[in-house]
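Please open the structure in a viewer and keep the sequence panel visible. The tour below names what to select at each stop and what is to be found there.

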Amino acid sequence: MTQITDYIAQNKQRFLNELIELLKIPSISADNAYSKDVLRTAASVKDALEKAGCDVVEIHETEGYPIVYGEKIINETLPTVLVYGHYDVQPPDPLDLWNSPPFEPVIQKTDLHPEGAIFARGACDDKGQMYMHVKALELMVQTGRLPCNVKFMIEGEEEVGSNNLAIYVAENREKLSNDIILISDTGMIANDIPSITTGLRGLSYVEVEVTGPNRDLHSGLYGGAVANPINILTKMIAGLHDENNRITIPGFYDNVEELSKGERAEMAKAPFSLEAYKKALDIDAVYGEKGYTTNERNAIRPTLDVNGIWGGYTGEGAKTVIASKAFAKISMRLVPNQDWKEITTLFKNHFESIAPKGVKVKVTPHHGGQGYVTPIDTVGYQAASKAYETTFGKKPIPQRSGGSIPIVSLFEKELNSKTILMGFGLDSDAIHSPNEHFGVWNYLKGIETIPYFYQYFTEMNS
Ligand code: BES
Ligand code: MN
Ligand code: MN
């Protein structure tokens with residue numbers, strides 16, 4: 001036992017209970033009906049940071065949900081770690097697919113989490129992972145192990161695009177100055193295969209609307225004689241990929257970085273079982289861009305996916321109708337050199353250009369952001385790697401993730417610092433899906449690993 005594992009063993013139950021209380025608040029940033037709950041969550045994060053040992057904690061109001069800022073500056077000459085996380089969560093629907101209510105956390109064992117996992121919306125993304133940092137701070141303060149300065153910036157709008165955080169960061173460069181940014185909002189390969197996320201994809205999210213006739217029509221009286229917006233929309237969408245599953249938007253791949261054979265071979269070394277992957281998803285084959293492996297398709301290649309599509313009659317029974325409008329929400333995952341605003345424009349121009357006569361097309365950009373890759377020959381990465389080695393007994397594997405945290409590239413631009421993505425979730429933790437969960441072991445392992453990062457980062461910097 002070390003001082004760190006001792007402290008965790010003694011406080012384990014309380015660490016779990018506190019997280020469970022936080023998970024009970026439905027902080028759904030996408031739905032205004034929950035605005036009081038989102039605000040309550042911010043207040044509760046403030047309280048937790050104060051109790052953990054921050055000397056200053058502020059709620060910074062924005063046009064949207066507030067940012068909780070906290071700091072403990074022990075000595076101006078020591079390095080400063082800036083922790084970022086988010087207290088908002090995704091909407092929990094479809095509710096009927098949850099085995100227990102999303103905001104009534106329960107601990108249940110699973111095959112991958114024999115010690116139990118906390119089931120609740122936000123358990124992994126990101127309340128559980130964010131709270132590991134709060135408890136790691138408490139641990140370091142209580143055991144006299146805090147080796148450097150720490151700042152916290154916890155936002156409530158990550159799941160809706162972080163627009164107000166971007167403004168806050170640009171306006172508070174001095175206050176947020178730091179030597180490294182630390183985030184736990186990603187995953188790792190497996191509990192016995194630790195990995196550190198070295199890349200995130202960018203994102204362009206758009207909504208499209210196709211309008212045909214000025215009103216819904218009888219599909220017998222008018223069918224075959226006017227453009228049906230749903231038929232047209234699905235045809236337009238189908239044309240966005242070619243027979244090799246490459247995206248057909250002109251210019252889309254212009255800035256895509258092609259990895260060298262060596263880099264791809266290095267990537268392919270990460271443990272991965274295609275059979276297990278298919279089995280976990282109940283699919284008999286994978287699908288994607290020709291010439292790339294599954295791990296390449298979901299990390300180093302850009303994508304285009306319909307996230308939702310609607311229009312016409314979807315109620316019970318049948319209604320014979322040609323709808324006046326059809327809609328879809330489309331996301332494009334981008335790789336680091338692709339500029340998300342440029343891609344949004346390329347999409348808009350292309351989508352408008354492929355619309356046939358007889359319909360009107362409207363493309364509305366939602367939000368987006370740049371991808372990110374972090375080099376591994378930095379003090380920050382080396383300190384993180386050594387921290388995992390200490391607590392997992394194994395060197396972590398650097399791995400690019402397919403997910404996006406668009407604000408990370410902005411941090412680099414505005415604050416001029418690198419980000420270390422120490423994620424402790426698993427892909428199977430079902431973030432954004434029904435039955436999201438976070439392993440109890442993972443939660444405690446995060447709390448154990450984080451203090452070593454502080455220690456090694458401070459040592460390596462002096
Ligand atoms: N924490 C996730 C992103 C993530 C998860 C990255 C796992 C890597 C591994 C984050 O909360 C998220 O959901 N991001 C959104 C984008 C955002 C702009 C809504 C995403 O990736 O869809
Ligand atoms: Mn997240
Ligand atoms: Mn998320």
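Begin by selecting strand 3 (80-86) and strand 6 (149-155); the two strands run parallel and are joined by seven bridges. Strands are said to pair if DSSP finds at least two bridges between them. Both strands and helices are DSSP runs numbered from the N terminus, a helix being H or I over at least four residues and a strand E over at least two. Within this pairing, Val-81 stands opposite Val-150 of strand 6.

The model is a predicted one, in which local features need pLDDT of at least 70 and side-chain atom pairs count only at pLDDT 80 or more, while totals for chains, interfaces and linings use all residues. Residues are numbered from 1 along each chain as its sequence is written, chains are lettered from A and ligands numbered from 1 in the order in which they are written, and side-chain values use heavy atoms, with hydrogens and water left out.

Now add strand 2 (residues 67-72), which pairs with strand 6 in the antiparallel sense over five bridges. Here the bridge partner of Lys-72 in strand 6 is Val-150.

Stay with strand 6 and colour it by accessibility. How many of its seven residues are buried? Seven of the seven are, where buried means under 20% relative accessible area, exposed over 50% and partly exposed in between (1.4 Å probe, protein chains only). On one side of the strand lie Asn-149, Lys-151, Met-153 and Glu-155, and on the other Val-150, Phe-152 and Ile-154.

Next, select Ser-162, in the loop between strand 6 and helix 4. Is Ser-162 buried or exposed? Ser-162 counts as buried because its relative accessible area is 5%. Its side chain makes a polar contact of 2.7 Å with the side chain of Glu-155. A polar contact is a pair of N or O atoms within 3.5 Å; within protein, one must be able to donate a hydrogen and the other to accept it, and residues adjacent in sequence count only if both atoms are side-chain atoms. Apart from neighbours within four places in sequence, Ser-162 is in contact (heavy atoms within 4.5 Å) with Tyr-84, Glu-155, Glu-157 and Ile-407.

Ile-407 leads to helix 11 (407-415). Among the buried residues of this helix are Ile-407, Val-408, Ser-409 and Phe-411. Just after helix 11, Asn-416 takes a positive phi of about 60°. Asn-416 lies in the loop that runs from helix 11 to strand 17 (419-421), and it counts as exposed because its relative accessibility is 69%.

Compare Ala-430, in the loop between strand 17 and strand 18 (437-439). Phi of Ala-430 is also positive, near 60°, but this residue counts as buried because its relative accessibility is 16%.

Return to helix 11 and display the second largest pocket, with a volume of about 460 Å³. Of the 22 residues in its lining, those closest to the centre are Trp-340, Gly-369, Gln-370, Ser-409 and Leu-410. Helix 11 gives the largest share of the lining, five residues. On a 1 Å grid over the protein atoms alone, a pocket is an open set of points where a 1.4 Å probe fits, with protein on both sides within 12 Å along at least five of seven lines; lining residues have an atom within 4 Å of a point. Grid points are joined across faces, edges and corners, and the volume is the space filled by probe spheres set on the points.

Move on to strand 13 (residues 325-334), where seven of the ten residues are buried. Strand 9 (residues 202-211) runs antiparallel to strand 13 and is joined to it by ten bridges; in this pair, Thr-211 stands opposite Lys-325. Strand 11 (residues 303-311) also pairs with strand 13 in the antiparallel sense, over eight bridges, and Ile-309 stands opposite Ala-328.

Finish with two cis peptide bonds. One joins Asp-93 and Pro-94, with omega about 5°; Pro-94 is in the loop between strand 3 and strand 4 (106-108). Another runs from Asp-125 to Asp-126, with omega near 0°, and Asp-126 lies in the loop between strand 5 (117-119) and helix 3 (127-142).
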